[in-house]
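Trainee: I would like to take a close look at a single part, namely the aromatic rings. Please explain how they are arranged.

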Amino acid sequence: MATPATSISFGMSAHGDAPLANQALARLRRAYPTAPTWLVTDDDPDPAFDEIAREHAVRLVRGERLFAQEAGGGYWQRFLDLWRSHRTTHFVRIDTDTWIHRPLDVLPARQEPVLFGTSRLDTGFVHVPHIQGGFIGFTQAAWERIDASRLLADPGYRHPAYARQVAFTPAYLEARRRSGMLSTDLVLTDVAYRAGLELRDHPEVHCLWFTRQRVEAMWAEGRRPIPEEALTAYAVTHPHK
């Protein structure tokens, strides 16, 4: 992490959470006023997104819903295609409840095939460390390697029990089979390991994972899901439901 960013772009997918998207994009624009940014509504026709996109000068993409099992790697292919239109040295996928407080001071070198963010190991879901959703960064070399691998088109990602998946635990696969949904973040983890990417922890990013019910319980108990000191200690924090 020695090379400052020369260019960075952002992508956000939203569905049923326009107010959160508005807050997150307002913060993003204070940190990165001119960075190319795409807001993908993921099959949500809410007209509020049109005003949000205009207010924050982001490109609105009215995309189809790609969280379903049958979409496979399509969710990430859509962001790859959007990134191709600018080919910035770095790209970051953020969630609608991700807050960017300031620009990142350091980033991996563009030629390193790296995914970066908060590295976690959840043994109930995945055998290997993965980058926690909320903030998943890609170097240019990472996107190029994913693109060349054609792994996002692998039909196996449409089938939870696909034998070649290296990251998923049997418990995760069974849960996904029952729900008919596939975690986009863990699909990316599997692609990353198969493509030989490095997953790197970034010291300026603090992303955790809580269910909405747990977040509500924490607020009811008078506890902040993200401690107040983290808001100044890190450039990026998540979640802020």
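Mentor: The following account begins with the rings and ends with a small sheet.

This is a predicted model, in which local features need pLDDT of at least 70 and side-chain atom pairs count only at pLDDT 80 or more, while totals for chains, interfaces and linings use all residues. Residues are numbered from 1 along each chain as its sequence is written, and side-chain values use heavy atoms, with hydrogens and water left out.

There are 12 aromatic pairs in the structure. Rings of Phe, Tyr and Trp (its six-membered ring) pair if their centres lie within 6.5 Å; planes under 30 degrees apart count as stacked, over 60 as edge-to-face and the rest as tilted. The pair of Trp76 and Phe79 is tilted, because the ring centres are 6.2 Å apart and the planes stand at 50°. These two residues are three apart in helix α3 (residues 74-84), so about one helical turn separates Trp76 from Phe79. Helices (H or I, at least four residues) and strands (E, at least two) are DSSP runs, numbered from the N terminus. Trp76 and Phe79 are both buried, that is, under 20% relative accessible area with a 1.4 Å probe and protein chains only. Ring pairs also join Trp76 and Phe79 into a cluster with Trp38, Tyr75, Trp83, Phe91, Phe138 and Trp143.

Another ring, that of Trp99, has Arg27 over its face, at 3.6 Å from the ring centre; for Arg this requires CZ within 6 Å of the ring centre and within 35 degrees of the ring normal.

Strand β5 (99-100) is an edge strand of an open three-stranded sheet with the order β5-β10-β9 and mixed pairing. Two strands pair if DSSP finds at least two bridges between them.

Key: Buried means under 20% relative accessible area, exposed over 50%, partly exposed in between (1.4 Å probe, protein chains only).
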